[in-house]
Structure formats: C-alpha cells, structure tokens
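Dear colleague,

I am handing over the structure we spoke about, with the sequence beside it. Please look it over first; my notes on what was found follow below.

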Amino acid sequence: MKKITRRSFLTVCGAVAAAAALTACGGSASSAAASSTSAAASSTASSTAALSGNVATGGSTSMKNVIAALTEGFAEVEPGVTVSYDPTGSGAGITGATDKTLDIGLSSRALKDDEKADVDGTTIALDGIAIIVNNASKVEDLTVDQLKQMFTGEITNWSEVGGDDGEIVLIGREAGSGTRDGFESIVDVKDSCKYAQELTATGAVISAVEANPLAIGYASLSAVGDTVKMVTVGGVECSEETVKDGSYEVQRPFVFVTNKSVTLSEQAQAFFDFATSADAADLIRTAGAVPVNE
C-alpha cells in the first residue's frame, strides 16, 4: 500500500476541519463540507495512483545484468510499469536516445563530445574488471601495456613479466560476453586475443585459473573470491574504492543516455530516479558492477 504524502494528508485534514466548522452553521453547510471532503479524497487517490506503461531502454549488451536487476527491483515498487530492454550495443543505445526511439539509451562507455549536443549521460554504475592469476603465481602486478602484449601473444612466457618460466595460458569469456567486451575494449585488444580457452561463465573462468598455475583471466570484481589472486594493475589494486576514484584502470562507466529536448514520461522518470538512487546500490552490486550512488 502506498504512503499518503504529507501534502495529501494536510489536504484531507483541511477538508475535514472545514466540514466540522460548517456543520455548526447548519445542514446545508454540512452538505457542502461533505462534498469538499469527497473531492479532497478523490484528489488524494488520484495523486497516489500506481504508474503504468512501458519504459523503452536499449543499447549496451554489457549492462544486461544491471538492467535485469534494476528492472526486477523496480517491479516491486511499480508493478504496473514494464521496462523493455533491447541489447543492440552502446552506439545504438546512444542513437536511440538521440532519435527519440528509446526513453533511455544504455552505454558502457562515456559519451563523446560530438554526442553531447543532443543527449545527456548519467553514470549509474562502474564496471570494475579484475585481472586474476593462480594463487601460486609469483606475479603481483601488471601494466595495461603488459596485459595487451600478453593477450595478443606478443608476450608468451611468465618469465617476461616477473614470474616463473612457463607458457602463459590465456583464459577468457565467450564472444558476446559483456565482461569480455569490457576487458578487450579497455586494454585495446578487441578481436585480437589468443585465448587458450573461451568459457561461458565468470565462475568457469575463475575455476580454470584456480586449476592452472600458468593461467591468467579476468572477471567482474564482485565475483572474485580467495580461490584466485587479483594482481594489481599499474600498482593499483582492484577494489570498489579504486574503481570509484578512477585510479584502477581496467574499468568503464555504465551510462543512462537521455535526450535533452524531451521530458521523460512519468514512468520513465520514475525508473531513472530509482536506478540512480541509493536504494538501487545493492541491486547494482549484486549484478556485478560498482554502484556510484549510496
């Protein structure tokens, strides 16, 4: 049941008080007061009516889990609203917001300067991607450039980056994975990685690295436990704090893109407000990203 706002409560109280005063002046006055009370009650009911309709979102495939979690959480608040999601890529999400075919476009990269003329970008979360090695590995730190050389096959032996002699075994996600897309985009190795294994789940990547002393892989920060070791990147550990302050390099923003010339519908604004509120922080974290509002 929805709470009655303070404004609505005072409206009803005022009407009731008027009814009491007019009753003392006679029956006709009482009738008028009753009408006033009825009108106020109707106004209150109208102002607290549940929202309905659709919110059209689309774009970044990497934001799939975050949008799914936010949609599920929002359904508990506004069950009459449907949030649709079309995973077409960040560029298409920005275009959809620009040409007004989407209420909210989704982008897993920051807006470019030439895109900002028509749309606004609001970061709702950050995607921190941890670099993981076997617990037995001597390697503690890697640079982004070393990661690039390792995953493209330019560096093939652990001894070249401070580890024991042994061929580097690259573990990654399958084509289409949001985590893979994020890692490859940030490290600038898109479509050029020399994977030994391409696995379909984060847990599988972690298990493969855990089982092989020569393996290296990547996974969302929230999924990594103590069965593998997270190496620092450029001397910075991967944590919520370093992702939030920008010092950890292997990260990117998750952005809601909205058209500057259009006022969001009531239901779209409600979803936007929910997604950017502190109430959504745990949902975002559970989905594998780092919340920015809490």
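In β3, Leu106 is the bridge partner of Gly59, and three bridges join β3 (residues 104–107) to strand β1, the two running parallel. Two strands are said to pair if DSSP finds at least two bridges between them, while helices (H or I, at least four residues) and strands (E, at least two) are DSSP runs, numbered from the N terminus.

Before going further, please note that this is a predicted model, in which local features need pLDDT of at least 70 and side-chain atom pairs count only at pLDDT 80 or more, whereas totals for chains, interfaces and linings use all residues. Residues are numbered from 1 along each chain as its sequence is written, and side-chain values use heavy atoms, with hydrogens and water left out.

Strand β1 (residues 53–59) also pairs with strand β2 (residues 81–86), in the parallel sense and over six bridges, and Ala56 stands opposite Ser84 of β2. With helix α3 (residues 64–77), β1 and β2 make a β-α-β unit that is right-handed (with the strands pointing away from the viewer, the path from the first strand over the helix to the second runs clockwise). Five of the seven residues of β1 are buried, so this strand is largely enclosed by the rest of the structure; buried here means under 20% relative accessible area with a 1.4 Å probe, protein chains only.

Helix α9 (residues 266–275) is likewise largely enclosed by the rest of the structure, because seven of its ten residues are buried, among them Phe271, Phe272 and Phe274.

The largest nonpolar core (buried Ala, Val, Leu, Ile, Met, Phe, Trp, Tyr and Cys residues joined through side-chain atoms within 4.5 Å) has 44 residues, of which Ile131, Ile132, Met150, Phe151, Phe183 and Ile216 touch the most other members. The largest share of this core, six residues, comes from β4.

Lastly, which residues are the closest to the centre of the largest pocket? They are Ser62, Asn65, Arg173, Gly178 and Thr179, out of the 20 that line this pocket (an open set of points on a 1 Å grid over the protein atoms alone, where a 1.4 Å probe fits, with protein on both sides within 12 Å along at least five of seven lines; lining residues have an atom within 4 Å of a point). Helix α3 returns here, supplying the largest share of the lining, three residues, and the lining divides into five nonpolar, ten polar and five charged residues, with Gly counted among the polar ones.

Best wishes

Terms used. Buried means under 20% relative accessible area, exposed over 50%, partly exposed in between (1.4 Å probe, protein chains only).
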